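Visitor: I would like to take a close look at a single part of this model, and I would be glad of one connected explanation that starts there and then moves outward.

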Amino acid sequence: MKGIVFTKPTFLKNLFKHSKPKFDIRKNAMFLLLCLFLIIGIILGVICARNGDKSLAEKLDFLFLTDFENKKNMGLFSVFSASFASGFLLLLAIFLLGISSWGFFALPAVPLFKGFGFGISTGYMYAAYGFSGILYNLLVVLPGAFISALILIIISKESFRFSWEIMTSLRGYKSDISSEFRTYIVKIFWSLIILAVASVTDMLFSLVFSGLFSFS
């Protein structure tokens with residue numbers, strides 16, 4: 001008498017298959033490098049803020065909303081608009097560098113500048129208000145800044161790749177990059193949407209937590 005053998009369906013095998021995610025450093029080298037530039041920018045911003053004065057933060061306020069009093073007195077839509085405008089200008093710079101054959105040389109400067117702005121904000125708030133300033137940055141500034149910084153790094157990596165594609169095309173190694181250009185435009189569009197999400201996050205966290213702080 002033959003026994004009945006039950007076999008686990010393939011999709012169940014895949015479902016319960018234990019696989020450890022692998023992080024390929026070589027494939028993500030550019031992402032890690034851009035993250036490093038972001039961190040360097042934050043460190044430089046903190047150093048400049050600690051050794052400078054309030055005027056430095058005020059000069060960069062139109063890009064990074066570094067002035068707490070200005071942000072507190074702004075309406076919600078104004079906070080969203082200012083946050084989105086800041087991210088949009090950096091995204092525009094990334095896009096323009098991405099469609100340049102030599103843009104990949106300058107692209108690391110974008111996360112460096114983004115990190116510098118956040119470092120200026122953090123350093124100034126800590127120097128002026130101590131622990132309360134750090135807490136303000138963690139609750140109000142960091143959530144939206146983290147999302148925007150992450151997407152700017154990701155799209156900088158894509159822009160670096162496309163800029164290199166243009167370079168290889170001009171040197172005759174690749175004849176047609178039209179499909180890559182269409183893909184690049186789509187990624188820019190999605191980055192714009194995520195920047196809008198980051199701006200909404202900035203607006204909501206400002207609404208919920210900024211009222212808890214009073215710096216005077």
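Visitor: Does L90 count as buried or exposed, and at what relative accessibility?

Guide: L90 counts as buried, because its relative accessibility is 9%; here buried means under 20% relative accessible area, exposed means over 50%, and partly exposed lies in between, with a 1.4 Å probe and protein chains only. Before going further, please keep in mind that this is a predicted model, in which local features need pLDDT of at least 70 and side-chain atom pairs count only at pLDDT 80 or more, while totals for chains, interfaces and linings use all residues. Residues are numbered from 1 along each chain as its sequence is written, and side-chain values use heavy atoms, with hydrogens and water left out.

L90 lies in helix α6, where helices are DSSP runs of H or I with at least four residues, strands are runs of E with at least two, and both are numbered from the N terminus. If residues up to four places away in sequence are not counted, L90 touches V110, F113, K114 and L152, and contact here means heavy atoms within 4.5 Å. One of these partners, L152, is 62 residues from L90 along the chain, yet the C-alpha atoms of the two are separated by 7.8 Å.

L152 also leads us to the largest nonpolar core, which has 15 residues and in which L91, I94, L152 and I188 touch the most other members. A nonpolar core is a set of buried Ala, Val, Leu, Ile, Met, Phe, Trp, Tyr and Cys residues joined through side-chain atoms within 4.5 Å. Helices α6 (76-98), α9 (131-170) and α10 (178-209) each supply at least two residues of this core, and the largest share, five residues, comes from α9. With neighbours within four places in sequence left aside, I94 is in contact with L107, V110, L152, I155, S156, S159 and Y184. Apart from this core lies another one, of ten residues, among them A49, M125, Y136 and A145.

Helix α10 deserves its own look, since its 32 residues should span 46 Å at 1.5 Å a residue, and its end C-alpha atoms are 46 Å apart, which agrees; the expected span is 1.5 Å times one less than the number of residues. The buried residues of α10 include Y184, I188, S191 and L195.

Other positions can be read in the same careful way. T122, placed in helix α8 (residues 109-129), is buried because its relative accessible area is 16%, and it is in contact with I134 and N137 when neighbours within four places in sequence are left aside. L170, by contrast, is found in helix α9 and counts as exposed, at 63% relative accessibility; L170 and S101 are 69 residues apart in sequence and 8.1 Å apart in space, C-alpha to C-alpha. I40, in helix α2 (residues 29-51), is partly exposed, with a relative accessible area of 35%.

Finally, we can step back to the whole chain. The protein chain has ten helices and zero strands, and of its 216 residues 40% count as buried. Among the contacts with a separation of 6 or more, residues 24 or more positions apart account for 78%.
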